[in-house]
Each structure stands twice: as C-alpha cells, then as structure tokens.
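Open the model in your viewer and keep the selection tool at hand. The stops below go from one pair of chains to a DNA strand.

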Protein chains: 4
Amino acid sequence: MSDPPGAGPRRRRLSEAERREQILRATVEVVARYGYDGASLGRVAEQAGVSKGLVSHYFGSKDDLMVEAVTGSVRALRESIAAQLDLSAPVPEVIRAALRRAADLHRTHRAELTAMAQIVHGLRLPDGSPRLGPADYEETHEAQRRLFARGQDEGSLRPLDVHVLAVVYQGAVDTMLGHAATHPDVDLDRFADTLADVLLGGMAVDPTDGAPGRSGCG
Amino acid sequence: MSDPPGAGPRRRRLSEAERREQILRATVEVVARYGYDGASLGRVAEQAGVSKGLVSHYFGSKDDLMVEAVTGSVRALRESIAAQLDLSAPVPEVIRAALRRAADLHRTHRAELTAMAQIVHGLRLPDGSPRLGPADYEETHEAQRRLFARGQDEGSLRPLDVHVLAVVYQGAVDTMLGHAATHPDVDLDRFADTLADVLLGGMAVDPTDGAPGRSGCG
Amino acid sequence: MSDPPGAGPRRRRLSEAERREQILRATVEVVARYGYDGASLGRVAEQAGVSKGLVSHYFGSKDDLMVEAVTGSVRALRESIAAQLDLSAPVPEVIRAALRRAADLHRTHRAELTAMAQIVHGLRLPDGSPRLGPADYEETHEAQRRLFARGQDEGSLRPLDVHVLAVVYQGAVDTMLGHAATHPDVDLDRFADTLADVLLGGMAVDPTDGAPGRSGCG
Amino acid sequence: MSDPPGAGPRRRRLSEAERREQILRATVEVVARYGYDGASLGRVAEQAGVSKGLVSHYFGSKDDLMVEAVTGSVRALRESIAAQLDLSAPVPEVIRAALRRAADLHRTHRAELTAMAQIVHGLRLPDGSPRLGPADYEETHEAQRRLFARGQDEGSLRPLDVHVLAVVYQGAVDTMLGHAATHPDVDLDRFADTLADVLLGGMAVDPTDGAPGRSGCG
DNA sequence: CATGAATGAGGTTTCATTCAT
DNA sequence: TATGAATGAAACCTCATTCAT
C-alpha cells in the first residue's frame, strides 16, 4: 500500500542458512512474547519479515519449526555456559560458578529461555501427549550426574543420590530463571549467590567451599 | 423424547453447583491429558458428559473456565496440604513434613498439578501477555516467607533472604512434582527426603533437625 | 451488507437429516458444474446456503463428503432404474428396457451422473492412489453377470464370457451417458435403441428379440 | 560450483526439444500415478530431475503443460495404432484388428492412457467448465465415421447411424482399457476378441467376418 | 435447564508462479 | 540456460461462541 519508493528491494535473496537462522530467531522471539499457542506462523513470518509460505518451505511444519527452535536454543545455551566454565575446578566451585553463569543467561538469552519453556509445555503429538519430554533432558542430566559423582569421589560432595541432586540442581536453575522472567527488578547475581549457599550447604561436605561469606559449623 | 424408563444411563438433573463441579473436574482432566491447546471446549463437554452449550452457559468464556479451574485446583491443593501439617512445629520439621506431603500430592492430585502448570503457561490475555503470573503466586509466597521468618526468629533457620528462600523452596517442590510427572517409577518419598536433606542442609542452622539419617558436621 | 429487511431468518434450524441432504445435493451440483478439484467446501457451502464450518461439522472431511455424495448418488440411480424394470422378463427385453431407462437418467439425474464420474476420477488416498475403484462397482457387475447368466440359461443369450459382457454393457451405458453430457442436442432415445440393436445383435441368439425394426439373418 | 569431474551423475546439457520431451514424459507418469490434482509441478519437476522453474520456463503455465501432455499422448497413441493397421482391408477386419491393437496399447502406453483420462476430467477453464471436450475427440470420431461409412458402402456393415457407431466403438475401446487399468490380471487379448464378437455381431452384415471362432446364424 | 445447530474467524499447509542470480 | 528463493492466494479444518428450540 504505502510502498515508499527507494525503500530497498522488496524481495531479497538470502542463502538457505541465513534465512533459516533469521526465521528461527523470529520464532524464539514470537514464542517468548506471545506464548506457544499465540505463536502462529503468520506472526513468525511477520516478525522475520518474510512470507508465510517461506516458513513452511524451510521448516515443513509448525512442529518441526518448534523442535528446531528448541534444539537451536539448547545448543546456544549450552555453548554459552560451557565457554566460561572451568570444569576441572573442584566441584563446589564449578556449581557456584555455573549458577552465576546461569544468572547471566537471563540477560543474554532471555527469549530463548522463555521460548524453550513454552515450547516444551505446548508442543504435543497428534494424540495429545507431550512431544518433548524427559528423554530430551537426559543428556544434560547425565553430564550433571557425572559432575556430582566426581565431587563425591574427590570428597567435596556428600554421598547423596546423584539422580536427585541433578534434578534438584537443574530445577533450582530453572526456578531462578523463571523467577527472573517474572520479576525483572530482582538482583539475580545476589539471588544466585544465595541459591549457591543453600544448595552447597546441603550438598557439600564443607559448605564454605568457594563461598565468600559462609560461616560453616564451627 | 419420551425417555422410556430403563433406556440406558439416564442423565440426572443436577444442581448448578454440581454441574459446575462436574465441568471443572472434566476441564482439569482434559487439560492434564491433552495440554492447554488441546483442551477444546468440545472435549471438555464430552468428558463431562454435557453439551458444549452448557459449558459456555456456566462459565461464559473458555478463559473464564480456565481461570476457575486453576483457582479451584489451587484451593484444593492448599487445603490438602494444610489439613495434615502442624504449622506450630519447629520450622525445619514443618519444611520436611511439607515436602513429604507434596510427594503425596502427586498421587492424590496429579491431574490438578499438571493442569495448573499447563494453564499457567498457556492462558494469555488478548494482547498475548500471560494472564496468570507472579501476582497469583504471591499469596503462597507470602505465607512461606512468614514461615521462614519465624524459623529465623526462633533460631532454627539461617539468616538468608526469605524472598530467595521462598522462591527456592517453592521451585524445589515444583521441580519434584514435575519430575514425578515424567518419571512415574521414581520413589517420590525417598526423593522428598533427600530433597529435605539438601534444602535443610543449606537453610537450617542445625541440619539434623527433624532428619532421620543425617550425620551433621562432626 | 445488503441484508434486505424482512428477508427471512438468517439462521434457520433444520434437522440433521435435512441439512445433510441439502449439503449432499449442493455437493453433487457443484462437482458436476466445477469438477472435482473445483468443488471446494466453500463453493459447496455457498451453493447450499450454509457456512463452511457446517459442512465440516456434518461430514468431517472433504473426502468423507465426497464418498457420501457418491454413495447417495449410486443409491438414487439404482433405485430409479430398478423401480421401472421388470427383471422377470426375457433378458434381451430387460437389456433393451434398461438402456432406455438409462437414457432417461440423463434427463432426471444428470448432475449425479457427472458428479460420480468426477469423484471417481478425482478422489484419492493420501498416497495418491485412487480411493474408489473396481471394488465399488463389483456389486453392480455381479447383478449384471447374474442377469446375463440367466439369459444364457434360458437360451436367449449367446454363451459368451459373462464377465466381459457385464463390462461391455456397463461401459456402453457409461459411454452413452457421457456422450449425452457433452452433446445435449443428441436424441438419446434413438441412441439407446441403436445401441440396443448393436449390443443385442452381438449378444443375443435371436437379435430380433424385443427389437422393433431389426431384420435378422434370414 | 566447480563441478569436479567424476563427482556423481553429471546433469547433461540438453537441447530444448529433449528437455521438453523429458518434462512431458515426467508429466504423464506423475499424472498417471497421482491423478490430476496430485500432479503438482513440484512432483513433475522432481520426476523429470529438473527444477520447478524450468517447467514453467518451457511450458508457461500448468494448464499449458497439461494440454501439451494430452496432445503428445494422443499423437503417440494414434501413431502407434495406425502404424500396424491395414486400413484398406475390409472394415470388419479393420475393426477386429484395431481392437487387438488397442489391447496392446494397454501394455505399451498404459501411463499415457491413464494420464489422458485424468487430464480430460481434471483440466478446467477458469470459470470451472471443462477445457478439453468433445471438440478434441472430433478428429478421431470423424475418421471412425468415414471408416464405418465405407463399411456400409462396401456392404459389410449394417446401415446404422455412423455417429452412434463411432461413439459406441470408441466407448468400448475406452471401457476395455479402463477395465484393464483396474484389473491387471485380465486376459486382454481374449477380452478384445470377445468384444469384437459382440460389436461385429451387432454391426456387421456377416458377423463371421474376420472372426476366428464364430458360428454365424445357421 | 439443556441441547446442538450454526457461524465465522483464524490456523496450517500446499502450490502455481515470478524473478534474482 | 537453469536454479531455487520467495510470494501470496486459496484450500481444508478446528473451534469458541451464539442462539433457536
């Protein structure tokens, strides 16, 4: 309608990889903003600045698009965390550092975090059962169990069930990030430190490990 | 038309309150089974054994129905927990007992728990923003903060930020219940005990409070 | 927009059976007019004077609608033919009479005939293979084979393969009706008589059976 | 890009005529397999091993492609029949031989036969009316009428309306081929002979003309 | 009170066609 | 010459909602 002259080429041609990346980014933003159900392909296309047909062209179906959006977000988050963690440090220090890094994620990958939660809750198989489930977390939990087991081997963690520890730890991270999403004014670094105090207080043999202001038993 | 006697399951004439209860129960079950988006009014009506029109008649809109389903589930859960908790006991004991009670909830109110999570994630305002948010949890968090503050007053809990403690505690409960929903074979009572060990280990002054098998510092 | 006042109730309520009949009639007309592909549910709804949603409501899917349209048309055609045939007459007379009746069908059931051909050619399974095939004709062919066998028993038909005869006979009927559909000016009764002359000349022992103006061999 | 030698099945540079032929062949196969509606340009291009753009480039629109596919198939079929028919033989012999040839077509040109029927039924003008109709058969019918008229002149065919004879004959051929398409196990040569017995029995003055096993009147 | 007939908006998806490269 | 990226129209279908009965 308006179509300002000289406003640039209407139909830019990008490589497949660029378009896919662009559409996935738009998907994450729209899902984070409108929720899973509110994320229609029309809104995704509009956000990406492309036609509806192109989204289907590259991703086949809405479900496939959503699965790819989750996959991509998971990879991005994992890389972001791993890049700044020294996994060879004593386990309590790793845990405390990881919690601080997770707090950073809320600033750097807020949309991905929200979108992932939405898609995991919203995406279903045709029969109504959830499409993304525990199996998709297993890889992450497995890595955490190995970390906790190493802590117990090295004597820095108490001999609690590593399955439970992994679930509790991951749940605490999710809780913190979910809380941050709805309470933008909270000081997340302080939150992370307090959370580390609590968790390490319960998990570590010497709760003062890596903790700046903890008094211990004595 | 003539409704011959003995012609099958006669539809009883129910009072308004009974009908509403019947429909809300069906809503919870359908949402738990099919997710928020998959819970069409048609499926709810079918599950309740009434006509679609009646659902609208009693609840106005789908959104209103969902809000009532959450409200009712929250009330039911709170009553179920409160009924068996001695809130005047020392706070660490209250926490440990509450975690055990929460584990029971997974057996007695599984559908409500799942449906609540679905509705909270799925229900949105017309502009796309979430309809149920932090404000709806505030009442619960406030009660927990008072509990934790009492624990600090009585000297059984360490002086950590009660806001953080409330969020962490509630998040741990949600995590445990969410984990149970996807891992039906886990021993949830043991999980609750281990979780209590971890949380009280981090929150309590004397981590052995109320704990059966905890060794303490020495 | 125009909405003339007093133009009647916008939303008449009919019984399920009436609506289904009305929609099936519209389907047959639209398919006959626009072909199978051109028969969108929108056009069917418009022709029936109902909303698009109602068509789906009563027939589930477009495929189901089309199958029902064929089924209903077949039944109507069979009843129309059978009602006026004396099947106990000598077989050559039955054949000649049936051809005359078929010619009548072109006047009384033109839309059904055209629509059936369209649907049979157009309706496919998801994998692309035809959905309506020989099995759907089998009942008709079987009845014809019995008729021809009776003719051979009574000595009025020559001992040719009854399977072939049934196919040839039915094909001739279809040919005649298809020809009439595209040549509205042809005298179909004369056509049917000539066709009977040809077919009975080839099938009957005494080709003059039931034929008004045939000279025979002598 | 660089097109390294031996890097797989190199795509040969073809002349325009070769490309067109290749695409038309693919069109016939896809239409025969998936029906008219199921024959998207994408599938045609895939079957032909070319890009979608090229199909449009050579044939303009889908309708034009389909028309050309029919035209080409008609020409191929006519040439195939004519090549092996001695049109100067007595007309009954020509008819019997033509029916045998038609039976061969089912083996040699099955896809063309199926595709033609699909396109004739499916291809429509923008207003919904059929695009291919009687006029497109006229040339064939005209040739057949001349043949039948010659038969009547030479005294071998009875004086029936040649228009009707042409329609009946062509319809019988189509019937036989259609039947063969859905009943792959039928002995088509026997079918053709029986069909010739029936048709010549009705059309010929002396039904034994050219018939191997026919007993005549006596 | 209760039903279910009816609507119409909106979603996903397919596809013929155009055109930059 | 040939590709395939991109568009936009139209299709089918679902569903919340209204309302005659």
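To compare copies, they are superposed by least squares on the C-alpha atoms of residues with pLDDT of at least 70 in both. This is a predicted model, in which local features need pLDDT of at least 70 and side-chain atom pairs count only at pLDDT 80 or more, while totals for chains, interfaces and linings use all residues. Residues are numbered from 1 along each chain as its sequence is written, and chains are lettered from A and ligands numbered from 1 in the order in which they are written.

Select chains C and D. A turn of 180° with a shift of 0.1 Å along the axis lays chain C on chain D, with an RMSD of 0.1 Å. That is the relation of a two-fold axis.

Next, pick C:Gly202. Its C-alpha lies 2.2 Å from the rotation axis, the closest approach of any residue of chain C.

Now show the contact between the two chains (residues whose C-beta atoms, placed from the backbone, lie within 7 Å). Chain C gives 34 residues and chain D gives 35. On chain C, H9(C) supplies the largest share of the side touching chain D, 10 residues. Of the interface residues of chain C, 100% are also interface residues in chain D, so the copies meet through the same surface.

Finally, select DNA strand F and the residues near it (C-beta atom, placed from the backbone, within 6 Å). Which of the 41 residues around DNA strand F come nearest? They are A:Ser51, A:Gly53, C:Ser40, C:Ser61 and D:Gly53.

How values were computed: Helices (H or I, at least four residues) and strands (E, at least two) are DSSP runs, numbered from the N terminus.
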